[in-house]
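Open the model in your viewer and keep the sequence panel visible. The stops below go from the whole chain to single residues.

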Amino acid sequence: MPRVKKNVPMQEAAFGIVGLETAFPLLYTHFVKTGEWTLKQLLDWMTVKPAEAFKLPYGKLAVGDIADITIIDLAREKDINPDEFLSKGKNTPFAGVRCSGYPVVTIAAGKVAYKEEA
């Protein structure tokens with residue numbers, strides 16, 4: 001079970017929450033799987049649209065281009081566990097929430113940046 005301090009005075013609480021490691025599984029589980037959004041909408045909103053808003057280049061899959069891609073196992077289900085976060089931050093209101101859609105491999109600039117341990 002995640003380490004959660006109960007009844008911590010607000011002045012002692014750590015700032016912020018971890019969002020990046022839980023964003024896709026939470027949004028996929030609660031919006032795509034329920035039919036409110038399509039998978040394409042979610043992917044556009046998390047990739048293309050932010051890049052366009054900040055006028056950043058964004059990737060496409062094409063022969064000869066450098067790979068920038070994340071492979072997600074949409075069927076994989078597990079509970080959110082802050083003890084498993086790769087970031088140093090462990091604050092999350094979603095500890096214990098069961099979600100689907102976890103990344104298994106991330107390739108950035110053609111190199112494996114993250115690969116889930118077997």
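The tour starts with the basis of the numbers, then moves to the chain, one helix and one residue.

This is a predicted model, in which local features need pLDDT of at least 70, side-chain atom pairs count only at pLDDT 80 or more, and totals for chains, interfaces and linings use all residues. Residues are numbered from 1 along each chain as its sequence is written, and side-chain values use heavy atoms, without hydrogens and water.

Select the protein chain and colour by secondary structure: there are two helices and three strands, in the order α-α-β-β-β from the N terminus. Helices here are DSSP runs of H or I with at least four residues, strands runs of E with at least two, numbered from the N terminus. The accessible surface is about 9,000 Å², 60% of it from carbon and sulfur atoms (Shrake-Rupley method, 1.4 Å probe). Of the 118 residues, 19% are buried (under 20% relative accessible area, 1.4 Å probe, protein chains only).

Next, select helix 1, residues 20-32. Its end C-alpha atoms are 18 Å apart, which agrees with the 18 Å expected for 13 residues (1.5 Å times one less than the number of residues). Its buried residues include Phe-24, Leu-26 and Tyr-28. Show helix 2 (39-53), strand 1 (69-79) and strand 2 (98-108), against which the buried residues of helix 1 pack.

Last, go to Val-18, in the segment before helix 1. Val-18 is buried, at 10% relative accessible area. Beyond neighbours within four places in sequence, Val-18 has contacts (heavy atoms within 4.5 Å) with residues including Phe-85, Ser-87 and Asn-91. Ser-87 is 69 residues away along the chain, with 8.0 Å between the two C-alpha atoms.

Definitions and conventions: Buried means under 20% relative accessible area, exposed over 50%, partly exposed in between (1.4 Å probe, protein chains only).
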